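Reader: I'd like to walk through this fold with you, one question at a time. Can you keep it informal and show me how you get to each answer?

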Amino acid sequence: MHGQNLLKPGKEAILNPNKWFSSGMKILISICLFIGISALGFGQNASLSGKITGEQGNLLSGVVIYPIDDMQKAVSTDADGLFKIELEAEVQKTIIFQLFGFKPDTLSIRLNKSEQRKITRFLSKKITDISEFEVVDKGDRQLGITRLDPKIVNSIVGPGGGIEMTLKTLPGVYSNNELSSQYSVRGGNYDENLVYVNDVEIYRPFLVRAGQQEGLSFANPSMVQELKFSAGGFEAKYGDKMSSVLDITYKRPKEFAGSAQASVLGGNLQLEGATKNYRLSGMIGARYRTTQYLLNSLDVQGQYRPAFTDIQGYVLYNITDAWDIDFLGNYAVNNYRVFPQTQTTEFGTINQALQLRIYFDGRDQSRFATGMGAVTSTWRPNNKFKLKLIASGFNSSETERSDVAGEYFIDELERDLGSDNFGDVAFNRGIGRYQTFLRNSLNYQVFNVEHKAYLEKGNNFMQWGIRAQQERIQDELKEWRQVDSAGFNLPLAPSDSIFLDNVIRADTAFSSMRYQGYFQNNYNWRRDSIDFSISGGIRANHWTLNGQTIVSPRLVFSLSPLSWERDITFRAAAGHYAQPPFYRELRGFDGTVNTNLKAQESWHFITGADFTFKAWNRPFSFYAEGYYKILRNLVPYEIDNVRIRYYADNISDGYATGLDMKVNGEFVKGVQSWASMSIMQTREDIRNDFFYDYYNSDGELIRPGYTFNSVAVDSIRQEPGFVPRPTDQRFNFSLFFQDYLPKNESIAMQITLVFGSRLPVGPPDFNRYRDTLRIPAYRRVDIGVTKHFISPDRPVKPTSPLRNLETFSLSLEIFNLLGINNTVSYLWIKDVTNRLYGVPNYLTNRLINLRLQMTF
């Protein structure tokens with residue numbers, strides 16, 4: 001080809017050897033001419049070769065590569081994602097990389113003479129709109145996976161913000177505490193949710209009692225590339241928890257970039273970059289958060305000094321085209337200190353309006369320091385087969401130090417609307433004092449080694465893995481509480497004695513091993529009129545502490561009729577989800593540890609459908625899923641704020657059933673919004689749970705609901721049967737809505753609305769059948785208005801000092817727009833007659849926040 005380009009018309013005679021030489025000489029001269037001309041032609045060229053992968057390192061075949069000024073030189077990657085293209089040397093070239101369903105990539109390059117350069121490029125999946133919340137591919141729909149857009153996660157309005165705030169707006173996800181990142185799913189509790197980051201299971205602190213102590217959750221939203229969430233019926237490859245799984249994947253950086261955010265509640269900075277040949281890449285993120293501004297709106301006034309920090313790093317090295325190694329590290333310190341001074345809370349009813357005044361002395365302090373490191377080695381011998389080896393370690397050092405005394409006054413308020421003293425104290429109902437003392441410390445480590453494999457063969461996609469995990473626990477508990485009402489110690493004691501309530505002293509240390517394994521196969525079958533998918537798998541788990549081995553089969557089935565006009569997918573799932581206990585479940589109310597505790601078990605039965613449609617000529621999708629969960633060998637528990645205290649015994653069975661629905665689409669043209677609604681009931685029957693009703697001689701009930709060691713003549717034994725579980729929130733509705741000014745789209749608005757019906761609550765006596773009261777419904781609206789000064793649609797001038805910024809925005813946010821006093825828990829106090837009062841602990845009030853965000 002190159003030799004032909006050197007020949008010009010009219011020169012044939014000069015170069016025609018038939019006219020000048022013999023046949024042998026002709027052959028020799030022809031060879032020399034060919035070599036010389038070829039060398040002359042190719043000496044001016046160079047080559048570019050390498051491989052193309054997706055964001056997760058999967059090799060991409062069929063990627064088209066070509067110079068922007070010469071499409072005739074286009075080549076494509078082979079089955080192994082490899083390519084080679086010849087380019088003109090010493091000329092600046094712009095190379096295009098294209099594949100359907102992925103964002104096009106460009107590379108500006110200049111090669112030297114005869115240079116043969118190797119590169120690795122990454123293509124990102126295409127998102128049709130930068131504000132799109134959800135991108136659901138066919139595989140995710142078939143498996144019941146919800147995929148979230150990190151851009152929404154980084155901008156959602158709320159005091160917590162981030163990933164968990166976004167999850168709380170999804171169907172089946174419940175939370176009644178904006179200060180906490182914890183959430184329950186379909187009747188489960190906070191400990192029943194799996195979280196993975198880059199295939200590494202994440203753990204959270206154990207000793208957290210209240211949402212204001214939590215600080216930062218593990219995942220840094222600025223570092224996230226992909227988020228997947230399942231509310232139940234998930235695959236066998238995910239671990240041994242009963243409720244949900246959140247699967248997070250961090251970015252694979254391709255060039256220098258970063259982001260920054262600052263607000264009244266703290267800030268974060270994230271940087272990323274890669275070498276020219278993309279062999280080495282990495283990113284680092286640092287966050288600081290303080291909730292002092294939020295906590296100052298609580299009823300308990302004092303000196304709040306919360307400080308939460310963390311730093312994360314993610315480094316990737318491409319050793320060869322087929323072998324990668326990466327490291328993920330995190331260190332976080334959550335410090336919470338408060339010196340409470342006073343509390344004034346009004347509660348009761350219109351017929352009995354009460355007020356609690358407390359004067360505090362002392363301080364409350366907690367510190368949670370966690371560190372995690374994980375090394376992953378990935379080998380891809382071809383684009384059909386991938387092997388992973390993961391080694392990780394986690395350490396948490398947690399301490400609680402509290403010595404707080406409170407002098408309290410219970411007053412009844414004037415309720416006569418016509419009185420000049422309406423709302424003032426009418427008379428005092430009781431005076432008392434209480435003191436809490438804590439000296440608790442917990443240190444635990446988790447080390448594991450895991451192997452994973454992925455094999456694609458025809459219509460089958462097989463995955464398997466094994467893991468060995470060691471856990472070390474060291475726990476020391478010292479806590480007590482004393483209540484004194486008007487000089488009388490409760491319960492009443494001799495004058496020379498003091499009774500302490502809830503005394504716990506324990507010192508525990510042990511080590512154990514867990515062994516886990518799984519195998520699953522995803523089979524897809526497609527014909528002209530139907531698209532069929534089935535995912536079947538099995539998990540096994542053995543724990544050396546209790547000697548229990550559990551086998552869990554799981555199955556997910558989906559069907560999509562292709563001949564229908566509407567794009568609809570039907571889905572059903574069934575499976576066994578067992579949750580072997582971790583340390584929190586082992587520890588009872590008195591601090592003793594039950595090492596014989598067995599796994600809690602749940603059978604999931606799920607059916608649902610989702611379909612896409614158009615309204616107002618805009619795209620929408622609707623999702624509905626019904627479920628029934630059979631719960632066996634449960635460990636009952638009590639929840640106070642976010643603290644879970646277990647009975648440490650498998651003594652109950654139960655169920656959870658409900659319906660989840662969500663509609664998602666462009667309610668306003670060009671931006672995504674969604675609304676979610678859930679109806680749910682979860683109940684359990686605690687074995688050998690009973691009480692006695694006592695009657696007088698006239699047959700009148702005089703003492704209901706008390707358990708005694710001996711049975712009186714005038715008593716009747718009652719068995720409560722099924723009682724609501726602590727997470728029995730019957731109805732939940734959430735809304736995320738976006739809008740913008742029609743004539744100025746740079747000004748946008750977001751609203752986050754959450755409504756959750758009432759949760760069960762009762763006195764702190766650990767008798768679940770007495771939890772017949774309900775916390776008031778949780779109602780909250782947060783709103784934000786954002787001005788986008790710089791965006792991809794609104795770039796700045798090349799001479800501007802802000803020319804290196806990709807986006808720049810300023811948001812004004814109003815938390816708890818309606819100013820509703822939501823209740824998270826109750827403070828239980830007594831008067832001298834031993835009458836018990838439940839005083840609500842309210843959450844944050846209406847507050848204003850200013851937030852600055854930028855990317856570069």
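Reader: Let's start with empty space. How many cavities of 30 Å³ or more does the count come to?

Author: Keep in mind that this is a predicted model. Rolling a probe the size of a water molecule over the atoms shows where empty space is left. With the cut-off set at 30 Å³ or more, the count of cavities comes to 12.

Reader: Which residues are the closest to the centre of the largest cavity?

Author: The largest cavity has a volume of about 900 Å³. Its lining takes in 49 residues. Those closest to the centre are Asn-193, Val-195, Ile-202, Tyr-203 and Arg-204.

Reader: Which helices each supply at least two residues of that cavity's lining?

Author: Strands are on the list too, among them strand E11 (193–197), strand E14 (244–250) and strand E20 (323–348), each with at least two lining residues. Strand E24 (460–485) and strand E26 (501–526) also supply at least two each. The helices that do so are H6 (162–167) and H8 (583–586).

Reader: Stepping back, what share of the chain's residues count as buried?

Author: The chain's secondary structure comes to 8 helices and 48 strands. It exposes about 39000 Å², with carbon and sulfur atoms supplying 56% of that area. Of the 856 residues, the share that counts as buried is 51%.

Reader: Which residues have the most contacts inside the largest nonpolar core?

Author: That core has 50 residues. A second, separate core has 19 residues, including Leu-48, Leu-60, Phe-102 and Leu-107. Back in the largest core, the residues with the most contacts inside it are Ile-163, Phe-229, Ile-248, Tyr-250 and Tyr-444.

Reader: Take Ile-248. Leaving aside its neighbours within four places in sequence, which residues is it in contact with?

Author: Ile-248 falls within the range of strand E14 (244–250). One of its contacts is Ile-163, another of the residues with the most contacts in the largest core. The full set for Ile-248 is Ile-163, Val-195, Tyr-196, Val-197, Asn-198, Ala-219, Val-224, Glu-226 and Leu-227.

Reader: What is the strand order in the open sheet of 5 strands?

Author: Its edge strands are E8 (146–148) and E12 (200–201), each pairing on one side only. E8 runs antiparallel to E13 (residues 224–230), joined by 3 bridges, and Thr-146 stands opposite Phe-229 in E13. The pairing in the sheet as a whole is mixed, and the order is E8-E13-E14-E11-E12.

Reader: Phe-206 is in the loop between E12 and E13. Is it buried or exposed?

Author: Phe-206 touches Glu-398, Leu-442, Tyr-444, Phe-582, Tyr-583 and Arg-584, not counting residues up to four places away in sequence. Its C-alpha atom is separated by 9.7 Å from that of Asn-443, 237 residues apart along the chain. The cut-off for buried is under 20% relative accessible area. Phe-206 is at 12%, so it counts as buried.

Reader: Tyr-278 and Asn-633 caught my eye for their backbone angles. What is phi of Tyr-278 near?

Author: Most residues other than glycine have a negative phi. Tyr-278, in the loop between strand E16 (266–274) and strand E17 (280–289), is buried, with a relative accessible area of 12%. Its phi is positive, near 65°.

Reader: And Asn-633: is it buried, partly exposed or exposed?

Author: Asn-633 has its place in strand E31 (residues 618–634), and its phi is also positive, near 55°. Partly exposed covers the range between the 20% and 50% cut-offs. Asn-633 has a relative accessible area of 27%, so it is partly exposed.

Reader: Last one, on strand E29 (residues 568–579): how many of its 12 residues are buried?

Author: On one side, E29 forms a hairpin with E28, with 6 residues between them; 6 bridges join the two in an antiparallel run, and Ser-558 has Arg-571 as its bridge partner. E29 also pairs with strand E30 (residues 600–615) in the antiparallel sense over 12 bridges, where the partner of Gln-579 is Gln-600. E29 is mostly covered, and the number of its residues that are buried is 9.

Technical notes: Residues numbered from 1 in each chain as written. Predicted model: local features only at pLDDT ≥ 70, side-chain atom pairs only at ≥ 80, totals over all residues. Heavy atoms only, no water. Core = buried A, V, L, I, M, F, W, Y, C linked by side-chain atoms within 4.5 Å. Buried < 20%, exposed > 50% of the residue type's maximum accessible area, 1.4 Å probe, protein only. Contact = heavy atoms within 4.5 Å. Helix = DSSP H or I, 4+ residues; strand = E, 2+ residues; numbered from the N terminus. Areas by Shrake-Rupley, 256 points an atom, 1.4 Å probe, with all protein chains shown as cover. Pairing = 2+ DSSP bridges. 1 Å grid on protein atoms, 1.4 Å probe; cavity = no way out; pocket = protein on both sides within 12 Å on 5 of 7 lines; lining within 4 Å. Points joined across faces, edges and corners; volume = space filled by probe spheres on them.
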